[in-house]
Amino acid sequence: MIGHLSAVLEQIDIPADWIGIRATQTTSTIRSMRDGNPQQNRRTLNQGAMVEVLARGQFGYSATNQLTPEALRAAGEQAYEQAIASSHWAVHSFTTAVRPTVVGSYTSPLDQPFDSLTAADINDLLRQLCERLKVSPDIVHTRAIARTHDIESWLVSSNGSQVHQKLNLIESHLGAIAQSADVTQARTDNGPMAHSYQGGWERFKTADLWERATRIGEQAIELLTAPDCPNDTTTLVLAPDQMMLQLHESVGHPLELDRILGDERNYAGGSFIQPQDFGRLAYGSPLMNVTFDATHSGELASYDYDDTGAPAKREYLIRQGVLERGLGGLESQTRLNIPGVACARACSWNRPAIDRMANINLEPGETSFEAMISSIENGVYMESNRSWSIDDQRHKFQFGCEYARKIENGQLTTPLKNPNYRATTPQFWHSLSQVGDVHTAAVYGTPCCGKGEPNQLVSVGHASPVCAFDDVEVFGGANA
C-alpha cells in the first residue's frame with residue numbers, strides 16, 4: 001500500500017507546498033448476547049483515504065472511498081481548491097514544519113489473533129457469561145458484548161513520510177440488572193465497555209473472567225437491599241474504574257488546546273484553562289502526576305505516530321500538581337505557542353485529524369490500599385461510573401457511581417447504593433490526599449470519546465491507582 005500511495009502522490013499535479021495521503025482499512029466484528037439470546041452478529045469492512053493539502057498557509061481536505069489513482073488525484077485537486085478558498089479567511093498561516101518527515105511502523109501486541117475464535121466460539125462464550133451473571137431469579141437482565149477491530153493505516157507525504165501502523169482493539173462489556181419490587185440496580189464490569197484494550201483474545205479470556213461475571217451479578221443483588229449513600233462532606237476514595245472517568249472529564253478534556261483556542265466551543269465546549277496557565281497553574285495537590293502516554297503497551301489508544309505523523313512519546317501534562325503542557329497536535333501548539341503532545345487523531349479515513357486524548361494516566365504513588373483505608377476514620381469508597389455531568393468549561397461536575405461502601409474506623413463496611421459526588425475541578429484535585437501504589441493501579445479504556453463536527457468517536461485509554469480525596473460532598477440517589 002505504501003508503494004501504491006507513493007506512486008499516486010507523484011501523479012498529483014497541483015502547486016501545493018505539501019501533500020499527504022492517509023489510507024485506513026478497518027475490519028470490525030460485534031457479537032452481543034442479551035439474556036443468553038443473540039442480539040448482534042456483524043462483521044464490517046470500512047476503507048478509504050484522506051488527502052490533505054497545504055497551500056497558501058492553509059490545509060484543505062478531501063476523502064474518497066476509492067483508492068484508485070484517478071480517485072486519489074481528484075481528491076488532491078479538490079483539497080487544493082479547498083485550501084485556496086479557506087486562505088481568504090485564515091486565522092493562522094502554517095508552514096510545512098507542522099508536518100514533519102517521519103518513517104516508521106507500529107503494531108499492537110497480539111498473542112491470540114481475532115481469527116483464532118469462530119463466531120460460534122464467541123457466541124457460546126457470551127451465552128455462558130450471561131448464565132454466570134444470572135446468580136439469582138432477581139437478576140432480570142444480563143448482557144455480554146465482545147467487539148474487535150483490526151485497523152491498518154498508511155501515511156505518505158510529499159516530504160518523504162512513510163508510516164504504517166496496525167492496531168488490534170478488543171472491547172468488551174458484561175452487565176446485570178437486578179430488580180425487587182420497585183428497586184432496580186445495575187452493575188457492570190468496571191463501567192460500560194471499560195475492559196477495552198489493544199491486543200487479541202487474551203485480553204478478553206483472562207483468568208478472572210468468570211469470577212468477574214459472578215461478582216457483577218452478586219453485587220447487583222447486594223445493592224437491592226443496600227441503603228442509599230448518605231449526604232455528607234467526607235473523605236472520598238475512588239477505585240481506578242471511576243478514576244478513569246474523573247481523569248477523562250476533568251483533566252483530559254480541559255487540557256485540549258483546540259477547546260482553549262475556541263475551535264470546539266460551538267459543540268463540545270471550551271475550557272476553564274487559559275493559555276497563560278501552562279507552566280504556572282497549580283492544577284491540583286503535589287501528589288498529582290498525570291502523563292500522556294501513547295507508548296503504553298496494550299493500553300487502548302497506543303501508537304507510535306499520530307494521524308499527522310507526529311512521533312508520540314510519554315510526556316507529563318501535570319507534574320507535582322503543576323500544569324506543564326496541553327493536549328494538542330502540531331497546529332494547535334503552533335497557534336498557541338504552547339507545548340503539546342502527538343495527539344492529532346481522526347476516527348476514520350473520512351475525517352481530518354483534530355486534537356484528541358490518547359492514553360491519559362495518573363501515575364501511582366506509594367500508599368497501599370490497606371494503608372489508605374486504615375487511615376480513614378469516616379468516608380465513602382466508590383467504584384464504576386454510571387452517570388456524569390460537567391459544564392462546558394469543564395469546571396463544575398457531578399458524577400454517579402454504581403457501587404460504594406462506607407469506610408468506618410479504617411474498615412470497608414456497609415455496601416451503599418446510588419452513590420454520587422460533586423465538586424469543582426480545581427477544588428477536587430487540590431483535595432487529593434493519598435495516591436495508591438502500583439498494586440492498586442488498573443488500566444481501562446473507552447471506545448466512545450466524542451468530539452468534533454462532524455462528530456468523531458475515538459478510543460481512549462486511562463490508567464490510575466486508587467486515590468483518596470478529602471472533604472468532598474457525597475450524596476445518595478434519593479436526594480440528588
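Which element supplies the largest share of the lining of the largest pocket? The points below take up that pocket and then the core.

1. The model is predicted. In its largest pocket, β1 gives the largest share of the lining, with six residues. Strand β1 covers residues 18–34. At least two lining residues each also come from β2 (37–55), β5 (139–157), β6 (162–180), β21 (442–451) and β22 (456–464).

2. The space in the largest pocket comes to about 950 Å³. Its lining has 39 residues, and the closest to the centre are Thr-26, Ile-151, Cys-347, Leu-457 and Ser-459. By class, the lining holds 15 nonpolar, 15 polar and nine charged residues.

3. The second largest pocket has about 800 Å³ of space. Its lining is made of 28 residues, and Tyr-61, Asp-263, Arg-335, Ala-353 and Ile-354 lie nearest the centre. The elements that each give at least two residues to this lining are β3 (58–64), α7 (330–336) and β14 (354–355). The split here is twelve nonpolar, eight polar and eight charged.

4. The largest nonpolar core contains 56 residues. Those touching the most other members are Tyr-283, Phe-292, Met-382, Tyr-421, Phe-428 and Trp-429. Separate from this is a second core of 23 residues, with Phe-114, Leu-129, Ala-178 and Phe-204 among them.

5. Phe-428 merits a closer look. Leaving aside residues up to four places away in sequence, Phe-428 touches Leu-236, Leu-238, Gln-246, Phe-397, Tyr-421, Ala-423, Phe-469 and Val-472. Because its relative accessible area is 1%, Phe-428 is buried. Phe-397, also listed among these contacts, counts as buried at 1% relative accessibility.

6. The model has 14 aromatic pairs. One of them, Phe-397 with Phe-428, is edge-to-face, at 5.4 Å centre to centre and 85° between the planes. Phe-397 sits in strand β17 (residues 396–408) and Phe-428 in helix α9 (residues 425–430), so this pair ties together parts 31 residues apart in sequence.

7. How are the rings of Tyr-421 and Phe-428 arranged, stacked or edge-to-face? The pair is stacked, because the planes stand at 20°, and planes under 30 degrees apart count as stacked. The ring centres of Tyr-421 and Phe-428 are 5.8 Å apart. Both residues are buried.

8. These pairs belong to a wider arrangement: Phe-397, Phe-399, Tyr-421, Phe-428, Trp-429 and Phe-469 are linked into a cluster by ring pairs. Tyr-421, Phe-428 and Trp-429 are also among the residues that touch the most other members of the largest nonpolar core.

Note on methods. Residues are numbered from 1 along each chain as its sequence is written. This is a predicted model: local features need pLDDT of at least 70, side-chain atom pairs count only at pLDDT 80 or more; totals for chains, interfaces and linings use all residues. Side-chain values use heavy atoms; hydrogens and water are left out. A nonpolar core is a set of buried Ala, Val, Leu, Ile, Met, Phe, Trp, Tyr and Cys residues joined through side-chain atoms within 4.5 Å. Buried means under 20% relative accessible area, exposed over 50%, partly exposed in between (1.4 Å probe, protein chains only). Contact means heavy atoms within 4.5 Å. On a 1 Å grid over the protein atoms alone, a cavity is a set of points where a 1.4 Å probe fits but cannot get out, and a pocket is an open set with protein on both sides within 12 Å along at least five of seven lines; lining residues have an atom within 4 Å of a point. Grid points are joined across faces, edges and corners, and a volume is the space filled by probe spheres set on the points. Helices (H or I, at least four residues) and strands (E, at least two) are DSSP runs, numbered from the N terminus. Ala, Val, Leu, Ile, Met, Phe, Trp, Tyr, Cys and Pro count as nonpolar, Asp, Glu, Lys and Arg as charged, and the others, Gly among them, as polar. Rings of Phe, Tyr and Trp (its six-membered ring) pair if their centres lie within 6.5 Å; planes under 30 degrees apart count as stacked, over 60 as edge-to-face and the rest as tilted.
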